[in-house]
Amino acid sequence: MSEPNTGDPARRPSVFRNWISLSGLTLMVASIFSFLLLLFLDSLAHFSNPYIGILTYLIAPGFLFLGFFLFVTGAILRRRKMAKSAASLSLHIDLSTPRDRRLLAGFIAGSVVFLLVTALGSYHSYHYTESVQFCGQACHGVMKPEMVSYQHSPHARVACAECHIGKGAGWYVRSKLSGSYQVYATIAEKYPRPIPTPVHNLRPAQETCEQCHWPKKFVGNVERTFTYFLTDKENTPFSVRMLLKVGGGDPTHGPVGGIHWHMNVGNKIEYIAVDEARQKIPWVRMTDPQGVVREFRDPKYTNDLSHFAIRKMDCMDCHNRPAHRYETPENAVNLALALGKIDRSLPYIKTNAIGVLVKPYKGEAEAWQGIATALISQYKDEPRVRNAIDAVQQIYSDNFFPEMKANWRAYPDNIGHKDWPGCFRCHDGKHVTNDRTLSIKSNDCDACHTIVAQGSAAQLEQLALGQKFKHPEEDYDPAYQCTDCHNGGL
Ligand code: HEC
Ligand code: HEC
Ligand code: HEC
Ligand code: HEC
Ligand code: HEC
Ligand code: HEC
């Protein structure tokens, strides 16, 4: 079409022979070429990089369409002009002339190639926009906290889309619509910091988590050992081994009871939260398999509840951080001490490590600097402090994201009750039915777990079921809840 005029007078002037169409055509050829090249590079690369991905699957096809648009627009404009200047333009194809046959064959072949490449491109764009790198890395700084915490989670091999989008075209489109807004918000820097949690339009667990985790599974008792170090000079170790009574919710697979009794297999639990983060729950309603309904309410909360939405409890009301858990400085330092990454023989290192972690820093570089300076000034030229500094800096990078204001304070974990209200949002003993019968109280310690050993070293070997928890700080008033004193920091 764009070949130079050979001077054959019988040739009809082509509508495509104009500058707009020609540049469109060049653009198309160039973008197809770059697409194929990028595709080739991307498939060779060991680790694909998000920017190549954006170029290949979003920008190159974009230029292809722009080129096509120019190509057609040029032809239409040209046709109008030719019609005005009364040039004959009635399109008539005469298949007996070799030239027309060639033209038609060329056109058909061109269209087929165009469609194939477009199809391939779209297929890859579809997959690309669902990939972990698109969601987690393309927007770089914004998703960094979620991406880093995800990589340290038990779900590091589950794609973001499995939990955030799930199966089916409807949610794909919905997510792309809100995703387009997010891309705009990122470019325009209009996103909130920290990104608010919970995600209010997250798909129900039945359609995501339960596609992999079978809710009827009977789990029974799960053994957990929690290892702590006290804030004294010796950083005394203290551990609790317990059986968590996870149980199950389906009678065909085991006795119904325990923590997973809430699973919605037989029972339905609904609640009203009066804050955005779903941490204050004054009203709970449960419907058992026989259809008997019971309502629990915190009588101290007297405000009107009618304008709040009722939420049906699912996996994510307890497991709300399956992929993005920001460790509390306390837990992270405890773990590093237990693994020997921080030397326990450094006096007061537990307190000091937490102390430097919770200081406000503007960015990671400043934090690393601040951690090193503070610990060196505390321990002088003590050689053991070098490893401690490395470990504390790593804890900072894995759990604190000052640019996005993301850390454990912004993202409560609902699974326990020590550092956030968690289970005690409902099981605080304050929620009562009208006839004042109580649900589980927070001081029924054995309702949810049984301690089998606690203390340190030899004490941990002496197993005895159903011990009372020996709180390291002697008897406190049982009217207090753990979160009245503990907050994950100091
Ligand atoms: C195992 C399931 C799962 C996977 C995989 C997963 N997420 Fe999440 N994500 C969640 C849940 C659950 C929440 C919190 C929901 C809530 O509390 O309502 C969440 C919350 C978020 C939030 C909101 C802020 C926050 O931390 O609460 C963002 C942003 C996010 N995820 C991005 C990602 C990205 C990016 C990936 C992939 C790199 C990813 N997620 C992978 C389950 C998952
Ligand atoms: C695509 C499949 C998939 C989806 C979707 C999924 N998970 Fe998982 N989940 C897994 C796998 C696989 C493991 C086991 C990881 C291992 O043991 O290494 C796991 C482990 C877990 C564990 C145990 C973690 C631990 O500390 O041992 C919990 C709890 C859990 N998932 C909850 C959830 C919740 C809640 C959701 C929905 C937000 C969810 N999962 C969605 C595959 C999935
Ligand atoms: C009145 C305040 C208060 C209350 C309430 C309280 N604690 Fe503590 N807790 C402390 C203090 C103080 C320490 C000692 C800190 C240290 O020396 O490391 C401590 C230490 C601990 C430790 C050991 C190490 C550590 O630093 O984490 C655990 C575990 C613990 N508490 C669990 C709980 C649990 C679970 C509850 C609720 C059932 C609870 N505490 C309620 C004040 C309290
Ligand atoms: C009432 C709160 C609650 C609800 C609702 C809940 N879980 Fe759990 N689940 C727990 C607790 C507590 C554990 C014990 C392990 C822990 O502390 O991490 C647990 C353990 C698990 C485990 C690990 C079992 C193992 O063998 O280690 C999986 C997987 C799991 N839950 C999946 C789910 C899924 C899927 C749902 C929704 C269908 C769900 N849970 C609903 C509280 C809950
Ligand atoms: C939204 C409110 C709510 C939250 C949050 C909640 N529960 Fe419950 N839970 C209930 C209600 C309501 C009952 C039924 C109480 C009754 O029958 O008196 C219940 C019952 C239980 C039971 C008894 C099951 C049986 O065998 O009868 C256990 C165990 C339990 N919860 C553990 C937990 C744990 C552990 C957590 C935190 C991971 C938790 N719950 C979080 C509302 C809640
Ligand atoms: C409604 C159920 C429930 C009740 C009641 C309950 N716990 Fe727990 N507790 C849990 C769950 C669930 C966890 C596990 C958290 C996790 O997996 O991280 C836990 C964890 C703990 C831990 C380890 C804490 C941590 O996160 O480091 C201690 C200690 C503990 N409980 C003590 C107590 C004591 C003492 C009482 C009574 C005053 C009590 N619990 C009452 C559900 C309960």
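This briefing describes the iron sites, the nonpolar regions and the salt bridges of the structure shown above. The model is a predicted one, and each value below is computed from it. Two iron atoms, those of ligand 1 and ligand 4, sit in octahedral sites, and histidine side chains serve as the protein donors of the iron atom of ligand 1. The largest nonpolar core has 37 residues, a nonpolar surface patch of about 530 Å² includes Ile59, and the structure holds 13 salt bridges.

**Iron sites**

- The iron atom of ligand 1 has His164 and His324 as its protein donors, each through NE2, and these lie 1.9 to 2.0 Å from the metal.
- Six donor atoms surround the iron atom of ligand 1, and with angles of 88 to 179 degrees among them the site is octahedral.
- The two histidines at the iron atom of ligand 1 link distant parts of the chain, since His164 belongs to helix α6 (residues 160-164) while His324 is in the loop between α9 and α10, 160 residues apart.
- His164 is partly exposed, with a relative accessible area of 39%, whereas His324 counts as buried at 18%.
- The iron atom of ligand 4 is coordinated by the NE2 atoms of His260 and His319, at 1.9 to 2.0 Å, and its site, with six donor atoms and angles of 87 to 177 degrees, is octahedral.
- His260 lies in the loop between β2 (237-247) and β3 (268-272) and His319 in the loop between α9 (315-318) and α10 (329-338), so this pair ties together parts that are 59 residues apart in sequence.
- His260 is buried because its relative accessible area of 18% falls under the 20% cut-off, whereas His319, at 39%, counts as partly exposed.

**Nonpolar core and surface patch**

- Within the largest nonpolar core, which has 37 residues, those with the most contacts inside it are Val333, Ile342, Leu357, Ile371, Leu375 and Val392.
- Helices α10, α11 (349-357), α12 (364-379) and α13 (385-399) each supply at least two residues of this core, and α13 gives the most, with seven residues.
- On the surface, Leu55, Leu58, Ile59, Phe63, Leu66 and Phe69 make a nonpolar patch of about 530 Å².
- Ile59, one of the patch residues, lies in helix α2 (residues 50-84) and counts as partly exposed at 37% relative accessibility.

**Salt bridges**

- Side chains of opposite charge can pair when their charged atoms come close, and the structure holds 13 salt bridges.
- Arg203 and Glu207 meet through their side chains in a salt bridge with an N to O distance of 2.6 Å; Arg203 is buried, with a relative accessible area of 9%, while Glu207 is partly exposed at 32%.
- Arg241 forms a salt bridge with Glu223, in which the closest N and O atoms are 3.2 Å apart.
- Because Arg241 lies in strand β2 and Glu223 in strand β1 (residues 220-229), the pair ties together parts that are 18 residues apart in sequence.
- Arg241 is partly exposed, with a relative accessible area of 23%, and Glu223 also counts as partly exposed, at 40%.
- Arg311 forms a salt bridge with Asp314, the closest N and O atoms being 3.3 Å apart, where Arg311 is partly exposed at 22% relative accessible area and Asp314 is buried at 12%.
- Arg311, Asp314 and Asp317 are joined into one network by salt bridges that share partners.

Technical notes:
Residues are numbered from 1 along each chain as its sequence is written. Chains are lettered from A and ligands numbered from 1 in the order in which they are written. This is a predicted model: local features need pLDDT of at least 70, side-chain atom pairs count only at pLDDT 80 or more; totals for chains, interfaces and linings use all residues. Side-chain values use heavy atoms; hydrogens and water are left out. Patches are made of residues with over 30% relative accessible area and no salt bridge: like charges are joined within 9 Å, nonpolar side chains (Val, Leu, Ile, Met, Phe, Trp, Tyr) within 5 Å. Accessible areas come from the Shrake-Rupley method with a 1.4 Å probe; for residues, only the protein chains shown count as cover. A salt bridge is a side-chain nitrogen of Lys or Arg within 4 Å of a carboxyl oxygen of Asp or Glu. Helices (H or I, at least four residues) and strands (E, at least two) are DSSP runs, numbered from the N terminus. Buried means under 20% relative accessible area, exposed over 50%, partly exposed in between (1.4 Å probe, protein chains only). Donors are N, O and S atoms within 2.8 Å of the metal (3.2 Å for Na, K and Ca); water is not among the atoms, so sites may look incomplete. Four donors count as tetrahedral if all angles lie between 85 and 135 degrees; four count as square planar and six as octahedral if opposite donors are over 155 degrees apart and all others between 65 and 115; anything else is irregular. A nonpolar core is a set of buried Ala, Val, Leu, Ile, Met, Phe, Trp, Tyr and Cys residues joined through side-chain atoms within 4.5 Å.
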